[in-house]
Structure formats: structure tokens, C-alpha cells
Amino acid sequence: MEKALNEQIAMEGNASNKYLAMSCWCDGMGLEGSATFFAQHAEEERMHMLKLVNYIQDVDGKAIIPAFVAPQSDYTDINEVVQTAYESEQKVTKSIYKLVDLALKENDHQTHNFLQWYVSEQLEEEVLMRKIIDKIKLIGEGARSLYYIDQELSNQAATEETGEEA
Ligand code: FEO
């Protein structure tokens, strides 16, 4: 179980870096709202990573802090960024489910309980990314669409800042 949890530390840390790289790409494109949104998510993923580190240490295990894996730094457009984020969240969800399965198999009730927070969090994150993809489809393509998409992500970032429901 400890080895699997350590692998999850790497996954959350890499997700954090991936979002940070997305934030930088958005910033470079003048998409300030989107840059803020992804920077916030980079912080969230770091928090997910730290939560795992602390848990492993709390149960007298040894948390392993992994090396960075270079994230993708260039994208074709904002659609690709959001789609990549969504697919990344789906992968994380699968990984969390595998951890839950393992905890059940090993009768590790403590870890099973700990992981429930991640199960709920993953649902929220997948719903959020899907909503953004749907909004982008609604906004459509065209000269002004980028402005509105960026506005949408900016609103989303502000909502998360205040902790309100999206
Ligand atoms: Fe921590 Fe979004 O996975």
C-alpha cells in the first residue's frame, strides 16, 4: 500500500507541474484568466500531493519525494489545454480507484477512509473540467471567442478563490 501511495504522490506532483506549465502557456498567450485558473489548480494538486506525504508519515511510513517529469509546455490552443487537463483528471481518478481497491483488498480501513476525500475531489474536478469544455463548445470559435473563454476561466478562478459552488 505504501508503495502505491508513493506512486500517487508522484502523480499528484506531476499534475501540479502540468498545470503550472499550462498556466505559463496561457500567460504567454495573453490569456490571463486562464493562467490564474491553472495556477490555482497547480496549487491544489500540490496540496493533494502534500496530503499524501503527511498521511504516509503519520502512519509511520516513508514518503518518497520524486523527481520532476517535464510536463508538456506547448499547446495548439486553449481547447487542447482544457481537454488535456480533463484527460489528466480522468487518469488520476482511475489511479485513485485502484488505490481504493488495494486498500479494500488489504483490509486497510484507515487508508480506505483517507482515500474517500480523493474520491470526492476527483468527481468535483472531472465535473469542473467537463463544464468548461461544454462552455467552450457553447462559446464556439471566432474572433471574440478567446476573450470569452478566458473570461469564463477567470470567473471560475474567482469562484474557487471564494469557495463558492461553480
Ligand atoms: Fe489531484 Fe486533480 O488530481
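These are my notebook entries on what I looked up in this predicted model.

**Entry: aromatic pairs**

I began with the aromatic rings, and a search of the whole structure returned seven aromatic pairs. The pair I looked at in detail is Tyr19 with Phe38, which is stacked, with 5.9 Å from centre to centre and 25 degrees between the planes. I noted both values, because a pair of aromatic rings is described by the distance of the centres and the angle of the planes. The label of stacked follows because the planes are under 30 degrees apart.

I then asked which helices the two rings belong to. Tyr19 sits in helix H1, residues 2-28, and Phe38 sits in helix H2, residues 32-58, so that the pair links distant parts of the chain, 19 residues apart. On accessibility, I find Tyr19 buried at 1% relative accessibility, and Phe38 is also buried, with a relative accessible area of 0%.

**Entry: an aromatic cluster and a charge over a ring**

Next I looked for rings that group together, and I found that Tyr55, Phe114, Trp117 and Tyr118 form one aromatic cluster. One of these rings, that of Trp117, has Lys51 over its face, at 4.5 Å from the ring centre.

**Entry: helix H2 and the residue after it**

I turned to the span of H2, which has 27 residues and reaches 39 Å from its first C-alpha to its last, close to the 39 Å expected at 1.5 Å a residue. Just after H2 comes Asp60, which takes a positive phi of about 70 degrees, although Asp60 is not a glycine. I place Asp60 in the loop between H2 and helix H3, the latter covering 78-105. Is Asp60 buried or exposed? I count Asp60 as exposed, because its relative accessibility is 73%.

**Entry: a second positive phi**

I made a similar note for Asn107, which is not a glycine either and has a positive phi of about 55 degrees. Asn107 belongs to the loop between H3 and helix H4, where H4 covers 109-139. Its relative accessible area of 56% makes Asn107 exposed.

**Entry: salt bridges**

How many salt bridges does the model hold? The count comes to two, and I took them one at a time.

In one of them the side chains of Lys3 and Glu7 meet, with 3.1 Å from N to O. The two residues are four apart in helix H1, so they are separated by about one helical turn. Their accessibilities fall into separate classes, since Lys3 counts as exposed at 63% relative accessibility, while Glu7 counts as partly exposed at 46%.

In the other, Glu152 is bridged to Lys135, and the closest N and O atoms are 3.2 Å apart. Here the partners lie in two helices, Glu152 in helix H5 (residues 145-162) and Lys135 in helix H4, so the salt bridge ties together parts that are 17 residues apart in sequence. I recorded Glu152 as buried, at 18% relative accessibility, a value that lies under the cut-off of 20% for that class. Its partner Lys135 is partly exposed, with a relative accessible area of 37%.

**Entry: cysteines**

I also checked for disulfides, and the structure holds zero. Why do Cys24 and Cys26 not form a bond? The sulfur of Cys24 has its closest cysteine sulfur in Cys26, at 9.3 Å, and that is too far for a bond, because a disulfide needs the two sulfur atoms within 2.5 Å. Seen from the other side, the sulfur of Cys26 has that of Cys24 as its closest cysteine sulfur. I noted their accessibilities as well: Cys24 counts as exposed, at 52% relative accessibility, whereas Cys26 counts as buried, at 0%.

**Entry: Ser95**

My last look was at Ser95, which is found in helix H3. With a relative accessible area of 17%, Ser95 is buried. Which residues does Ser95 contact, leaving aside its neighbours within four places in sequence? I find Ser95 in contact with Gln8 and Met11.

Technical notes:
Residues numbered from 1 in each chain as written. Predicted model: local features only at pLDDT ≥ 70, side-chain atom pairs only at ≥ 80, totals over all residues. Heavy atoms only, no water. Phe/Tyr/Trp six-rings, centres within 6.5 Å; stacked < 30°, edge-to-face > 60°. Buried < 20%, exposed > 50% of the residue type's maximum accessible area, 1.4 Å probe, protein only. Lys NZ or Arg CZ within 6 Å of the ring centre and 35° of its normal. Salt bridge = Lys/Arg side-chain N within 4 Å of Asp/Glu carboxyl O. Expected span 1.5 Å × (residues − 1). Contact = heavy atoms within 4.5 Å.
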